[in-house]
Amino acid sequence: MMAAFRQIVLMTGKDLRIEARGRQTISLVVVLGVLIIVVLGMGLGAGRPVTGFGATAILWVAYLFGGVLCFEKTMAVERNDDALAGLLLAPVDRGAIYAAKLLTNVILMFALAVVVTPVAILLFRFDLSAHPLGFALIMALGMIGFAAVGTLFAAAVSSTRLQGGLLAMLVFPLSLPVVIVSTQMMRRLFQEGEPLGGTGLATLLAFDVIFLVLSWIVFELVLEP
Amino acid sequence: MPPPRRLLAHAYWILTAVLSAATIVMLLTYTPVEATMGPVQKIFYLHLPVAINTFVAALVVFIASIGYLWQRKMWWDDLAAAAGKVTVLFCAIVLLTGMVWGRSAWGAWWTWSPRLTFSLILFLLYVVYMMIRPSIEAPQRRAAISAVYGIAAFLDVPLVYLSVKMMPDIHPSSIALAPEMKLTLAAWFVPVTLTMAGLIATRFRLNRRLRAFEQHQAMTTETPAAANYMGETA
């Protein structure tokens with residue numbers, strides 16, 4: 001157990017070190033996220049205050065597109081110089097490889113959120129002061145579920161020719177429950193003043209658990225050098 | 001196909017056609033017209049059996065996907081592809097009949113009601129399933145990725161259901177049916193289910209032939225694609 005944990009930390013550290021040296025993914029993803037927010041702002045008429053419900057929808061568009069780019073890039077790193085073949089030959093459980101990639105993706109998505117969310121708050125004058133922790137919890141749970149699905153399919157399609165469009169097409173419909181639940185929970189939290197919990201939180205948790213377990217099991221079957 | 005099997009297939013489709021015709025006649029002559037919605041309500045007798053059979057077809061995709069990942073036999077993939085196509089077709093019918101119902105009941109072709117949204121997401125999930133298949137060239141890679149997606153899509157269905165339940169609803173939660181209406185509904189399940197099973201079986205047989213043809217072509221022309229079939233288990 002400790003050995004697996006150490007392997008996950010080592011592999012995540014390796015991915016984050018590559019990212020810290022090149023800063024290729026995070027800069028790309030953050031700029032894309034901000035651009036999406038600006039384009040949506042212009043389209044929706046900037047300057048009007050947006051409630052938590054609208055805020056979630058706008059942010060999810062940025063997170064979804066930024067996330068897909070993260071998933072692609074973290075797998076593409078392994079394609080250089082046949083690094084994936086080396087990783088697969090190493091005496092490491094494939095589940096640990098999945099966990100490490102997932103952890104890297106979640107960290108990159110949180111980094112994206114840390115930059116994009118304040119920009120959106122500034123541009124749209126989101127009022128999240130009523131439940132800032134509720135907002136953070138819902139978005140974090142949603143992102144973990146989205147990253148669980150995205151990491152699995154990024155590994156699956158990384159060896160096919162049509163990587164870009166294909167990954168977005170695979171991941172978006174599967175992640176729709178996360179988007180619907182988070183926007184509906186925000187509506188209840190901010191507009192109707194209902195407390196956090198109930199079906200929404202249970203659905204988000206169920207989504208995370210189901211796709212984490214499924215991905216852990218089938219990751220070995222989709223990974224190919 | 002050997003003659004007895006062909007005969008059986010013909011008999012199956014003739015029986016399905018006869019039963020379909022009988023249920024249509026039953027709908028037009030025996031079933032009473034609903035008081036508030038009028039004749040448009042009769043679309044419900046098609047809508048509900050097709051909706052249930054959409055889930056059955058999606059379940060076949062799920063089981064065939066697990067079967068492929070477990071045994072790595074290509075016929076599981078052919079079955080999943082056949083059932084995926086039928087799921088998309090049936091889900092399209094559910095969506096269209098749902099929209100016609102919605103237009104008559106609420107005056108709009110589309111409302112973001114939980115059940116319409118649910119049908120739309122289900123449709124999108126399986127349209128994507130059919131779209132990814134031709135995008136991946138290597139047969140075994142295609143089968144593996146499709147199988148993983150087929151399992152994920154089916155596991156996503158209850159989550160989609162739970163999530164759309166959180167949306168504001170205007171859909172009828174339960175419909176009171178007269179005994180004649182219940183009988184018509186039960187009768188409609190028979191031809192619709194037979195059609196679903198028949199379509200999956202027919203498409204599965206066609207997929208098997210296509211695969212055999214592709215394998216034969218790849219071996220005889222010695223194209224690079226032949227390498228994909230080497231060591232493949234049919």
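Here are three short exercises on chain B of this predicted model.

**Exercise 1: the overall build**

Work out the secondary structure of chain B and how far the chain extends.

*Solution.* Start by counting elements: chain B has seven helices and zero strands. Reading along the sequence then gives α-α-α-α-α-α-α. Next, take the C-alpha trace along its principal axes, and you get spans of about 65 × 45 × 25 Å. For burial, go through the 234 residues of chain B; 32% of them come out as buried. Finally, look at contacts with a separation of 6 or more: 78% of these join residues 24 or more positions apart.

**Exercise 2: a helix pair**

Describe how H2(B) and H6(B) pack, and which residues make the contact.

*Solution.* First find the helices: H2 covers residues 44–71 of chain B and H6 covers residues 179–221. Their axes are 9 Å apart and meet at an angle of about 35 degrees. The crossing is right-handed. Now list who touches whom: H2(B) brings residues including Tyr45(B), Pro49(B), Asn53(B) and Val60(B), while H6(B) brings, among them, Thr184(B), Trp188(B), Phe189(B) and Ile200(B). Sort the contact by class and you end up with 14 nonpolar, three polar and no charged residues.

**Exercise 3: the side facing chain A**

Find which helices of chain B give two or more residues to the side that touches chain A, and sort that side by class.

*Solution.* Begin with the tally: 27 residues of chain B contact 27 residues of chain A. On the chain B side, the elements giving two or more residues are H4 (114–135) and H5 (139–164). H5(B) gives the most, with 15 residues. By class, this side of chain B has 22 nonpolar, two polar and three charged residues.

Terms used:
Residues are numbered from 1 along each chain as its sequence is written. Chains are lettered from A and ligands numbered from 1 in the order in which they are written. This is a predicted model: local features need pLDDT of at least 70, side-chain atom pairs count only at pLDDT 80 or more; totals for chains, interfaces and linings use all residues. Axes are lines fitted to C-alpha atoms, for helices over the stretch in contact, and angles run from 0 to 180 degrees between N-to-C directions. Helices (H or I, at least four residues) and strands (E, at least two) are DSSP runs, numbered from the N terminus. A crossing is left-handed if the near helix is turned anticlockwise from the far one by less than a right angle, and right-handed if clockwise. Two residues are in contact if their C-beta atoms, placed from the backbone, lie within 7 Å. Ala, Val, Leu, Ile, Met, Phe, Trp, Tyr, Cys and Pro count as nonpolar, Asp, Glu, Lys and Arg as charged, and the others, Gly among them, as polar. A residue is buried if 20 or more other C-beta atoms lie within 10 Å of its own, exposed if 12 or fewer, and partly exposed in between; C-beta atoms are placed from the backbone.
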